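Subject: The structure to look through

Hi,

Here is the structure I said I would pass on to you. Have a look at it first, then read on for what turned up.

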Amino acid sequence: MKGLFEIILITVILVLIVVFALWKGGAIEGKVLIETDKAEYQGGDTLAVRIKNRLGARIAFSSCYPYYFERKNGEWVGYEYEDCQKPNTSESFIESGQEKTFEIKMDGVPPGVHRIALPFCVNCYEGEVFDEDERSYSNEFNLNYKVND
């Protein structure tokens, strides 16, 4: 009887450890997480972005504008973007539990505190018209430009 109790206790402890590890790792958070590789950039730097799909469903991004920059000016303000000259379709899929990284060259982005806004569709199909279901935001990051002495 004592051996059975020990087996049950060990099993419960292992299950709790696994659940905690998944929760801490973001696997059961139910959202899309966006992280930049640094909190501080200089003009001309390359910003690396990691997207973690913890939503529990496949997501996709717009073929026209897969992300937007926003600048903090008291509140978050989005930049004006030109109208897309091609069909705006769903592409660049990330399955549930998967991650994707990409890089953005920071040329032409004004200095200040920024974040990335990432609109996405949920369980959409490749090539269909992109229809934003949700939007997630990255951490804040600061962009500076070197002043020549």
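Before we start, one term: a residue counts as buried when its relative accessible area is under 20%, as exposed when it is over 50%, and as partly exposed in between. Take N123 as a trial run: its relative accessibility is 46%, so N123 counts as partly exposed. Please also keep in mind that this is a predicted model.

**How far to trust it**

The mean pLDDT of the chain is 87, and 87% of its residues reach 70 or more. Where is confidence lowest, and where is it highest? The low end is helix α1 (residues 2-24), with a mean of 69, and the high end is strand β10 (residues 134-137), at 96.

**The overall picture**

The chain has one helix and eleven strands. If you walk along the sequence, you meet them in the order α-β-β-β-β-β-β-β-β-β-β-β. Of its 149 residues, 28% count as buried. The chain exposes about 9700 Å², and carbon and sulfur atoms supply 54% of that area.

Contacts that span the sequence are worth a look too. Take the contacts between residues at least 6 apart in sequence: 73% of these join residues at least 24 apart.

**Two disulfides**

A search of the whole structure finds two disulfides. Counting the bonded cysteines along the chain, they follow the pattern 1-2, 3-4.

One of them joins C64 to C84, with 1.9 Å from S to S. What does this link tie together? C64 is in the loop between β4 and β5, while C84 is in the loop between β6 (75-78) and β7 (90-94), so the pair ties together parts that are 20 residues apart in sequence. The angle about the S-S bond is -75°, and the link is left-handed. The two ends are covered to different degrees: C64 counts as buried at 14% relative accessibility, whereas C84 counts as partly exposed at 29%.

C121 and C124 form a disulfide as well, and their sulfur atoms are 1.9 Å apart. Why is this one called right-handed? The torsion about its S-S bond is about 65°, so the C121 and C124 disulfide is right-handed. Here C121 is buried, with a relative accessible area of 1%, and C124 counts as buried too, at 5%.

**Back to N123**

N123 is in the loop between β9 (112-122) and β10. N123 is not a glycine, and yet it has a positive phi of about 55°. Which residues does N123 touch, leaving aside its neighbours within four places in sequence? They are A57 and R58. You can also compare its position with that of F93: the two are 30 residues apart in sequence, but their C-alpha atoms are 9.4 Å apart in space.

S92 is another residue other than glycine with a positive phi, near 55°. You will find S92 in strand β7, and at 35% relative accessibility it counts as partly exposed.

**Rings**

The structure holds seven aromatic pairs. One to pull up on screen is Y67 with F102: the ring centres are 5.6 Å apart and the planes are at 25°, so the pair is stacked. The cut-off behind that word is an angle under 30 degrees between the planes. Y67 is in the loop between β4 (59-62) and β5 (68-73), and F102 is in strand β8 (residues 99-105), so the pair ties together parts that are 35 residues apart in sequence. As for cover, Y67 is partly exposed, with a relative accessible area of 22%, and F102 counts as partly exposed at 23%.

Y67 and F102 also belong to a wider group, as Y41, Y67, F69, F102 and F141 form one aromatic cluster.

A charge meets a ring elsewhere in the list: the charged end of R115 sits over the ring of Y137, 3.8 Å from the ring's centre.

**Where to click**

If you want a short tour, start with the link between C64 and C84, go on to the one between C121 and C124, and end with the stacked rings of Y67 and F102.

Cheers

How values were computed:
Residues are numbered from 1 along each chain as its sequence is written. This is a predicted model: local features need pLDDT of at least 70, side-chain atom pairs count only at pLDDT 80 or more; totals for chains, interfaces and linings use all residues. Side-chain values use heavy atoms; hydrogens and water are left out. Rings of Phe, Tyr and Trp (its six-membered ring) pair if their centres lie within 6.5 Å; planes under 30 degrees apart count as stacked, over 60 as edge-to-face and the rest as tilted. Helices (H or I, at least four residues) and strands (E, at least two) are DSSP runs, numbered from the N terminus. Buried means under 20% relative accessible area, exposed over 50%, partly exposed in between (1.4 Å probe, protein chains only). A charge sits over a ring if NZ of Lys or CZ of Arg is within 6 Å of the ring centre and within 35 degrees of the ring normal. Contact means heavy atoms within 4.5 Å. Accessible areas come from the Shrake-Rupley method with a 1.4 Å probe; for residues, only the protein chains shown count as cover. pLDDT is the predictor's confidence in each residue, from 0 to 100. A disulfide is a pair of cysteine sulfur atoms within 2.5 Å.
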